[in-house]
Structures are given as C-alpha cells and as structure tokens.
Amino acid sequence: TSAWIVLTLLLVSVGVNQLAVNAQTERKAYIVYMGAKLKEEHSVESHHLSVLGQVLEGRPQSSASSSHFDLNYSAPVESLIYTYKKSFNGFAAWLTEQESKKVLGAQGVISVFPSRTLKTHTTRSWDFLGLPSTVKRIPEVESNVIIGLIDTGIWPESESFNDNGIGIPPKKWKGICQNITCNNKIIGARFYKGDQDFHSEEERSPRDFEGHGTHTASTAAGREVKNVSYYGFAEGTARGAVPSARIAVYKVCWKKNCLEHDILAAFDDAIADGVDILSVSIGREDIDLADYSESAIAVGAFHAMQHGILTSASAGNRGFLAVTIQSGAPWILTVAASTTDRKFITNITLGNNKTLTGPAINVFPTSEKFYPLVQDEYCEPDEMDQNLTKGNIVLCNQIDLGNDGSGPLVYGAYGTIMIATVGEWDVPYPYPLPASAVTNSDGEYIASYISSTRNATAIIHESEVVYDPSAPSLASITNRGPSILTPAVLKPDISAPGVDILAAWSPKGLVSRSGYDQRSVMYNIVSGTSQACPHAAGAAAYVKTFHPTWSPAAIKSALMTTASPMKTIDEGESEFGYGVGQIDPVKAVNPGLLASKGGEALLNYPSMAAYYEPDSPITAHFPRSVTNVGFANSTYKATISNQPSLNISVTPSVLSFKSLNEKQSFIVNITGGVRQRSGVVTAWLTWSDGTHSVRSPIAALEK
C-alpha cells in the first residue's frame with residue numbers, strides 16, 4: 001500500500017511539474033502597458049516589434065485552450081496582436097508566462113498582465129460608471145421623474161418597458177398617447193409629421209420602426225430585464241439608470257429624417273406635458289452654423305430650461321475636426337461619447353498563418369475552413385464584380401459611415417474585410433455577413449498578400465470580448481468643440497458611454513447599418529453620441545430623484561464638477577473633445593458646491609475657456625460664484641493643476657461657509673507667456689473641503 005502511495009505521489013508530482021511547464025510555454029494574450037502616447041505615432045509599432053524581438057523565445061507548443069487559431073508563432077510580427085498608439089502606448093501579444101516576465105523588464109514597460117475575457121453584461125456601461133443595480137435609490141421619488149425622448153419613437157411591447165410594480169402616473173403629468181397603448185411605464189407617446197407624407201410601410205403612430213428611439217429610451221430608463229443578448233453576445237441583465245422612472249416619447253424622425261418644425265412641436269408638447277428631463281439624440285451631419293434663435297433644438301431647449309427641464313443632447317458623430325460640435329448652446333448639456341472597459345474585437349487569420357485583429361461585432365461562427373480571399377476596388381452594391389465576389393471573402397478598400405457591407409452581401413460574398421478610417425478605428429460595427437475591420441497598414445498587408453499569392457485565403461473569426469485598460473477614453477467619432485456661436489463656453493460639457501451599448505431595439509429596425517440585412521432582434525449593440533446622450537439624461541434623472549427642486553443649471557453643475565478624469569487622452573484631444581470628463585452619477589448626488597443655481601448658466605458656467613492670438617500673451621478673467629450644498633460649516637481650498645504655460649490665480653483661494661445654500665464668489669485670473677505653437681493649453685481648478693472635490697477645467701485655445 002505504501003508503495004502505491006509513493007508511486008501515486010510521484011505521478012502527481014510529475015503531472016504538476018508538467019502542468020507548470022505547459023503554463024510557462026503556452027502562449028496567451030497579454031497586454032503590455034507602456035504609459036503615455038509617443039509623439040512619433042508612425043514608429044510606435046516598430047518599437048513594439050523591437051521589444052517583442054528581444055523577449056520572444058522559440059516556438060513553444062500551444063494548447064487548444066489558448067485560442068481557436070494557431071499560436072505557434074515566434075516572430076514578433078506574428079506574435080503582435082494589437083498596437084495601442086492612438087490614445088496611449090502599449091500593445092497586446094501572444095506570450096508565454098516566461099516571456100511576459102521578460103517584457104516586464106524592458107525599458108518603458110509599466111505593467112504586463114493577461115488579457116481577461118469577461119462575462120459581459122448589458123448593464124456594463126452603468127456598472128462602469130459606478131451605478132450598479134444595488135445602488136441607493138428612492139423608488140417612490142424615482143417613479144415621479146419623467147424622461148422625455150425626442151427621437152424615432154418606441155417599441156412599447158419591449159420587456160424593457162413593462163410596468164410591473166409601477167403605480168399610476170404622477171398627478172403633474174398632462175401628456176397623452178396617440179395610436180398606441182401606453183402603460184404606467186410609458187405614460188406618453190406622440191408623433192409628429194407636419195408634411196403628412198407617410199411612406200406605405202410607415203404607421204401613423206409613435207411606434208418605432210428604426211430602433212434608435214427604443215434604444216435611447218431603454219438606455220436612460222429601461223426596466224431590469226434578465227437574460228438578454230445580441231446573438232449570445234453581452235448576455236446579462238439590461239437596465240437603464242432609473243428603472244422606475246417614467247418615459248414619454250415624441251416621435252419626430254421618420255426614415256432617419258427629422259424635420260425641425262416637428263422637433264420644435266415636440267419640445268412644445270413635452271414642456272407642457274410635464275417632463276423633467278429631455279434626451280435629444282438628433283443633430284445635423286454638417287457643421288451647424290445656424291444662430292441659436294434659428295435652431296429648433298436650441299430654442300426648444302432654452303424654453304425647457306426656463307421651465308425647469310434639463311435637455312441632454314448628443315455632440316454629433318462626425319469626429320476629429322474642431323468646431324463641429326452639435327447642440328452647443330450653453331443651456332444644453334452637450335454630451336460626447338466615451339468608451340467602457342468592454343471591447344469587441346474580431347480576428348482574421350490569413351492563409352499564411354498571419355492573424356490580424358480589428359474592431360467589428362461579428363456574431364457569425366468561426367468557419368471550419370479557409371475561404372478564397374479577393375480584393376474588389378469598389379464595394380458598393382451597384383459597383384461590384386459578382387464573378388469575383390461570390391462565395392469569397394472580399395477586401396474592401398475603404399469603410400466609412402456609408403460602407404456597411406451591403407455590396408458584398410448582395411453579390412453573394414461569404415464575408416468582407418473593411419479597411420477602417422482612423423476616425424472609426426475604436427468603434428466596432430455589426431455587419432450583415434462575417435466581417436472585420438483592419439487598419440490601413442494591415443489592409444495594405446492583406447492586399448499585398450492577395451497580389452503575391454496564387455490562392456489567397458482567410459478565416460474571419462467570431463468576435464471576442466476583451467478588457468480594455470484604456471477606458472474611459474474619447475470615442476473618435478465624437479464631434480469636437482468649441483462652439484462657433486459661443487466659443488467662451490467650453491463644449492462639449494461631459495462624456496458618457498457611447499461605444500458598444502446594448503439596449504432594447506425595434507424588431508422592425510435594421511440589425512446592422514445595411515438596408516439589405518433581413519435579421520430582426522429585440523436588443524441591439526449600437527455606438528455613437530446618440531447612445532451617450534441618454535446616459536447623461538439618465539444620470540441627470542438619478543440626481544433629480546435626490547434633489548427634486550434643483551434647477552437644470554444645478555443638476556448640470558453637479559454632473560460636470562464631479563465627473564471623473566479620462567483615463568487615456570490622445571495628444572490631439574482636450575477638453576474640447578471630452579468636456580470635463582466621464583459622468584459619475586453617484587458622486588453628482590453630493591457635489592458639495594454648485595457652480596450655478598437658478599438660470600445663471602450663461603454667466604456662471606462650471607468650466608472656463610479662454611482664447612489667445614498666436615505668439616501673444618494669454619490673459620483672461622473668470623468671475624464665478626458657488627452655492628454650498630455640502631456641509632453647513634465647511635471650508636474649501638483651491639488648488640490648480642500644474643501647467644507651466646499658464647499663470648493661474650484664484651481670489652480668494654479659501655471659501656468658508658457657515659450654512660447650507662450660502663453663496664460665495666471668486667475670480668480666476670489667467671496669464672501666460674507668448675505661445676510659440678498653436679494648440680490647447682489646459683489646467684484644472686479644484687475646490688476641496690476634504691470630502692468633496694469640485695473640479696472645473698480651464699482651457700486656452702488659439703483663435
């Protein structure tokens with residue numbers, strides 16, 4: 001018996017040792033974080049390959065659990081999965097445990113850690129914002145808050161809008177429901193089409209045939225619904241910020257066209273109906289040069305503000321360029337889109353065993369065989385060569401908002417690979433067929449592979465969900481400020497999750513951006529400032545449940561001065577891209593100080609923007625007042641973040657309060673030397689009493 005015990009222990013020891021060896025030689029995905037973005041972006045990938053070249057060992061045996069594609073790579077270019085260079089410096093690579101330890105010792109490396117595959121939940125955006133389902137709530141007050149959405153309507157049968165356990169509407173409510181059946185959750189539904197030009201498939205009702213309005217409504221105030229997903233992705237419990245709040249919808253958009261006269265009519269009704277918060281994910285595609293008095297959204301939001309209603313509006317989705325901001329009026333909460341720590345990636349394996357990674361939401365299962373890979377110069381439905389396309393994977397030269405995979409789908413392609421523009425690289429989109437997107441450099445590599453190989457082939461893998469350590473960062477699609485009409489007001493105001501948001505959808509709406517996509521879903525993954533906007537509206541509603549009497553300016557101030565800093569900032573980005581940072585609903589309930597109370601938003605804004613002439617000194621003065629809503633007896637001290645280019649002083653630098661709602665005033669003075677180059681110079685003013693931190697950005701921009 002003792003001999004068997006000894007033998008058993010020996011075998012176990014050998015097995016454990018073998019497992020340890022396997023663990024050290026098995027390649028897994030690791031993230032290598034190297035800090036701030038390098039200035040020379042074009043050389044970042046070369047540097048990462050150099051680091052890998054110093055640590056990679058031979059060709060260790062890979063296990064089936066490592067990945068669903070071949071990992072027997074030892075060359076740096078084969079090991080590299082993803083280069084992070086747009087917002088921060090780092091990379092992802094297939095490494096053994098031993099190699100990961102070696103990388104940690106390389107110059108400039110801050111941390112190395114395994115890339116975690118998360119169990120996704122559709123509530124991820126609210127959890128990421130620190131607003132879990134278990135957070136403190138006041139249900140009886142929350143049910144008195146009414147969020148109005150001016151959008152494409154709503155799909156009332158969605159489980160996200162059930163009224164189980166919700167009582168009758170508040171007495172203040174004066175709205176109606178037109179041609180659909182409402183309940184105690186959806187308490188108002190109107191539709192607007194002044195020209196009465198209805199298409200044959202359109203219904204004369206607030207019913208949503210697009211999906212957009214249903215998505216925004218459930219993001220802001222949807223009920224908790226378990227076991228929802230997008231074709232198995234992001235499975236979990238869907239919910240909004242305020243699940244007990246009421247919803248009122250105002251359908252003004254038909255086939256994605258939203259006429260301003262309909263919009264203004266919707267504002268008019270919503271104000272009279274008694275909504276508390278308005279969410280408006282609508283704007284122009286080009287630069288909006290119209291005066292505020294000639295803009296339906298600006299006019300409507302101004303009157304809403306005068307009636308105690310805060311309007312949250314999307315900043316726009318054209319991205320990159322300055323002075324493209326939408327809905328930039330000072331009385332609007334203008335919302336940019338930011339990322340969460342959940343990221344969708346799709347891998348492509350070429351016939352030469354090269355694997356590339358790109359942003360896409362590909363729900364189609366990984367194929368068991370390689371498909372022929374071809375390149376078509378044009379990928380629009382009326383321009384493709386069917387003889388070249390049918391049954392193959394097609395490389396398309398360019399992807400923008402109009403290239404949605406329709407061409408390859410119509411002409412019978414098995415799948416498609418899109419070369420993504422820089423402005424969409426961080427935004428995965430769903431497609432109507434197996435697809436992924438690649439960078440321009442990867443696209444050139446694939447094109448070269450096709451042209452140099454007699455029978456080029458590829459596999460498009462089903463998407464994976466990975467942890468994104470760079471979040472929150474600004475989504476590249478977000479329009480930038482400043483506002484042309486009121487440049488002295490820093491815009492956008494704030495950022496909120498707007499990438500890969502899963503929420504309720506209309507079964508009549510398109511699942512992807514392709515009009516040829518015949519699939520139907522009840523929950524869909526969508527990205528854009530349209531998704532960020534209802535996050536901000538929901539956060540505002542959450543704050544209002546604790547402070548029902550606060551004005552729009554007070555709620556806006558609370559949201560802005562308690563926002564969290566962005567974790568990753570591109571060198572070309574600034575507060576004119578992401579505002580004060582990412583929204584934090586829980587902190588906003590107890591901000592300590594309010595930058596404005598009542599209707600003084602124009603004169604007492606929570607942020608500060610100054611402008612300077614090239615090669616000229618910067619001089620600016622910002623008088624501000626704050627109201628104490630923290631502790632009755634409190635003392636706040638001012639601190640300024642380090643900014644060598646600016647001399648900033650605050651007078652007085654200490655504010656002492658003896659009672660709640662007491663007001664104090666101060667002046668921020670800014671001077672600076674001659675600026676030798678154009679750009680944005682930023683700093684932060686923080687008032688702190690030891691418990692509360694009230695942050696305000698200070699940005700100086702060349703005229």
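**View 1. Strand β14 in the predicted model, enclosed on both faces.** Seven of the seven residues of β14 are buried, so this strand is largely enclosed by the rest of the structure. On one side of β14 lie I332, T334, A336 and S338, on the other L333, V335 and A337, and all are buried. β14 (332–338) is crossed by helix α9 (residues 296–306), which runs at about 120 degrees to the strand.

**View 2. The open sheet that contains β14.** Seven strands make up this sheet, in the order β6-β9-β5-β12-β13-β14-β23, with parallel pairing. β6 (186–191) and β23 (494–497) each have a single partner strand and stand at the edges, so one side of each lacks a neighbour in the sheet. On average, neighbouring strands of the sheet are turned by 25 degrees against each other, direction ignored.

**View 3. Strand pairing from β12 to β23.** Four bridges link strand β12 (residues 277–280) to strand β13 (residues 310–314) in the parallel sense, and the bridge partner of I277 in β13 is L310. β13 and β14 also run parallel and are joined by four bridges; here A313 stands opposite T334 of β14. The pairing of β14 with β23 is parallel over four bridges, with A336 opposite S495 of β23.

**View 4. Helix α9 and its packing.** Helix α9 lies across β12, β13 and β14. Its buried residues are A296, I297, A298, G300, A301, A304 and M305. These buried residues of α9 pack against α8 (260–273), β12, β13, β14 and α14 (552–561). Just after α9, G308 takes a positive phi of about 80 degrees.

**View 5. The nonpolar cores and the surroundings of L559.** The largest nonpolar core has 72 residues. Those with the most contacts inside this core are I147, I154, I247, I494, W550, L559 and I583. Helix α13 (residues 529–546) supplies the largest share of the core, nine residues. When neighbours within four places in sequence are left aside, L559 is in contact with L333, I494, A536, A539, A540, V543, I583 and A588. Another core, of 30 residues, lies apart from the largest one and includes Y192, I309, A313 and A329.

**View 6. Two cis peptide bonds in loops.** K491 and P492 are joined by a cis peptide bond with omega of about 0 degrees. The loop that holds P492 runs between β22 (464–467) and β23. A cis peptide bond also joins T651 and P652, where omega is about -10 degrees. P652 belongs to the loop between β30 (646–651) and β31 (654–657).

**View 7. Positive phi at N179 and Y231.** N179, a residue other than glycine, has a positive phi near 60 degrees and is placed in the loop between β5 (146–151) and β6. Its relative accessibility is 55%, and N179 therefore counts as exposed, the cut-off being over 50%. Y231, also a residue other than glycine, has a positive phi near 50 degrees and lies in the loop between β7 (225–230) and β8 (233–238). With a relative accessible area of 37%, Y231 is partly exposed.

**View 8. The whole chain, for context.** The chain holds 16 helices and 34 strands, and 58% of its 703 residues count as buried. Of the contacts in the chain with a separation of 6 or more, 74% come from residues 24 or more positions apart. About 28100 Å² of the chain is exposed, with carbon and sulfur atoms supplying 53%.

Conventions. Residues are numbered from 1 along each chain as its sequence is written. This is a predicted model: local features need pLDDT of at least 70, side-chain atom pairs count only at pLDDT 80 or more; totals for chains, interfaces and linings use all residues. Side-chain values use heavy atoms; hydrogens and water are left out. Two strands pair if DSSP finds at least two bridges between them. Helices (H or I, at least four residues) and strands (E, at least two) are DSSP runs, numbered from the N terminus. Axes are lines fitted to C-alpha atoms, for helices over the stretch in contact, and angles run from 0 to 180 degrees between N-to-C directions. Contact means heavy atoms within 4.5 Å. Buried means under 20% relative accessible area, exposed over 50%, partly exposed in between (1.4 Å probe, protein chains only). Accessible areas come from the Shrake-Rupley method with a 1.4 Å probe; for residues, only the protein chains shown count as cover. A nonpolar core is a set of buried Ala, Val, Leu, Ile, Met, Phe, Trp, Tyr and Cys residues joined through side-chain atoms within 4.5 Å.
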